[in-house]
Amino acid sequence: MDDHADPEAYDEAMPDAPAEGLRKIIHVDMDAFYASVEQRDDPSLRGRPLAVGGSSERGVVAAASYEARRFGVRSAMASAHAVRLCPDLVFRKPRFEVYKQVSEQIRAIFLDYTPHVEPLSLDEAYLDVTDDIRGIGSATRIAQLIRARIKSDTGLTASAGVSYNKFIAKLASDQNKPDGLCVVRPGEGAAFVAGMPIRRFHGVGPRGAERMATLGIETGADLAAHDLAFLRAHFGSMADYLFRAARGIDLRQVKAHRQRKSVSAERTFDRDLSSGSLLREALDNIVEASWERIERSRSRGRTVTLKLRFADFQSLTRSRSVARAVDSRTDFAAIGHALLDSLLPLPQPVRLMGLGLSALEFDQSRENERDDRQEPGPREQLALF
């Protein structure tokens, strides 16, 4: 589990990986992607605390440079709060078309090493390199080559995690950030997860970690000490995920060509919200983030879904379907607010809110650009992310 592992050691530990059900998975995560692109393109921003997002009183930080993170500035934080933490914070408006172009460069690099690429967002993806199509002989070496190519071709740095399943690879990619590599071999996963702070688990935010601490759960080992009945009693729908994660279990495959079923954005708040006015204001910010993703995916949909997660981790969703696809931000926001208003007043404070669009209809012009090839080329594989 180190940054300078022997490139062959991982692969020697799992010579019969496919037969045993183990895979060679790489999770690549760009370092402070939006902020790093801005600092690359404007040298005057290098070394300065930078936030990408709106600087208004109701603005939200979309990304923060590592210089800003040292002050506690984080993505999804209210801009006003970020400025209080870091008075010298510099704001830049997002340039999503630029970020998308750079992301396409990076995905093209991935596809030079494997066709099995599952994008999660503009700045991260899973790669299954079990087949080793270039005969490199080492998943670790492939990760090293990819990181070097990204730096050479884009001027940006990426961190990577290498392991035998997606959950551990994703945890590993965050282990040595920025510009780091972490390898977790078969047989090391349970120990790696056991020593992990619970806040590092995907889906467990700051408030969730605080609540778990009151139950004596602060590490993966603490979580693994509890049975499924206990977890279901305290964490509801998240229990099964937490039970498997605590044991380093993840059977999900890397899905390169999955059809997007929904587009959404959600935010975990710095503090639980209960008043209607604060919740409506938070929803406005989530509408902006979600609609930007909808625009980038070139999709429209007929079902709007509001998601709330309460302070006790129980979740509630409400949906509304319409006869014609929602094709404007105004209509999307109106339906979202109507769903929220129908639930007010709420029985307890809210720690997370999300808004999404499903029953999607994609822009047919994108499909018409394809030819009769059996296998999609790099740009087609990058179409939806």
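In this predicted model, the charged end of Arg69 sits over the ring of Tyr66, 4.5 Å from the ring centre. A second arrangement of this kind involves Arg134, whose charged end sits over the ring of Tyr113 at 4.6 Å from its centre.

Rings also pair with rings. A search of the whole structure finds eight aromatic pairs. Two of them are set out below.

| Ring pair | Distance between centres | Angle between planes | Geometry |
|---|---|---|---|
| Tyr34 and Phe96 | 5.6 Å | 85° | edge-to-face |
| Phe167 and Tyr241 | 6.4 Å | 85° | edge-to-face |

The planes of Tyr34 and Phe96 stand at 85°, and angles over 60 degrees count as edge-to-face, so this pair is classed that way. The pair links distant parts of the chain, with Tyr34 in helix α3 (residues 33-41) and Phe96 in helix α6, 62 residues apart. Tyr34 has a relative accessible area of 14%, so it falls under the 20% limit and is buried. Phe96, at 22%, is partly exposed. Both residues belong to one aromatic cluster, formed by Phe33, Tyr34, Phe96 and Tyr99.

The pair of Phe167 and Tyr241 likewise links distant parts of the chain: Phe167 is in helix α8 (residues 166-173) and Tyr241 in helix α13 (residues 239-245), with these positions 74 residues apart in sequence. Phe167 is buried, its relative accessible area being 7%. Tyr241 counts as partly exposed, with 25% relative accessibility.

Helix α3, which carries Tyr34, is mostly covered, with seven of its nine residues buried. The buried set consists of Phe33, Tyr34, Ala35, Ser36, Val37, Glu38 and Gln39. Phe33 and Tyr34 are thus both buried residues of α3 and members of the aromatic cluster.

Helix α6, which carries Phe96, also packs against another helix. Helix α6 (residues 96-111) and helix α7 (residues 139-154) meet at an angle of about 145°, and their axes are 10 Å apart. The crossing of α6 past α7 is right-handed. On the α6 side the contact involves Val102, Gln105, Ile106, Ile109 and Phe110; on the α7 side it involves Ile146, Arg149, Ile150, Asp153 and Thr154. By type, the residues of this contact divide into six nonpolar, two polar and two charged. The spacing of such residues along a helix has a simple geometric background: an α-helix has 3.6 residues a turn, so residues three or four places apart point the same way.

Elsewhere, Leu85 lies in helix α5 (residues 79-85). Leu85 is partly exposed, with a relative accessible area of 31%. Which residues does Leu85 contact, leaving aside its neighbours within four places in sequence? Those in contact with Leu85 are Phe71, Gly72, Val73 and Met77. Leu85 and Arg70 are 15 residues apart in sequence, and their C-alpha atoms are 9.8 Å apart in space.

For the chain as a whole, there are 17 helices and 12 strands. Of the 385 residues, 46% are buried. Among contacts between residues at least 6 apart in sequence, 65% join residues at least 24 apart. The aromatic pairs described above are individual links between distant parts of the chain, with Tyr34 and Phe96 separated by 62 residues and Phe167 and Tyr241 by 74 residues.

How values were computed. Residues numbered from 1 in each chain as written. Predicted model: local features only at pLDDT ≥ 70, side-chain atom pairs only at ≥ 80, totals over all residues. Heavy atoms only, no water. Axes fitted to C-alpha atoms, helices over the stretch in contact; angles between N-to-C directions. Helix = DSSP H or I, 4+ residues; strand = E, 2+ residues; numbered from the N terminus. Left-handed = near helix turned anticlockwise from the far one by under 90°. Contact = heavy atoms within 4.5 Å. Nonpolar A, V, L, I, M, F, W, Y, C, P; charged D, E, K, R; others polar. Phe/Tyr/Trp six-rings, centres within 6.5 Å; stacked < 30°, edge-to-face > 60°. Buried < 20%, exposed > 50% of the residue type's maximum accessible area, 1.4 Å probe, protein only. Lys NZ or Arg CZ within 6 Å of the ring centre and 35° of its normal.
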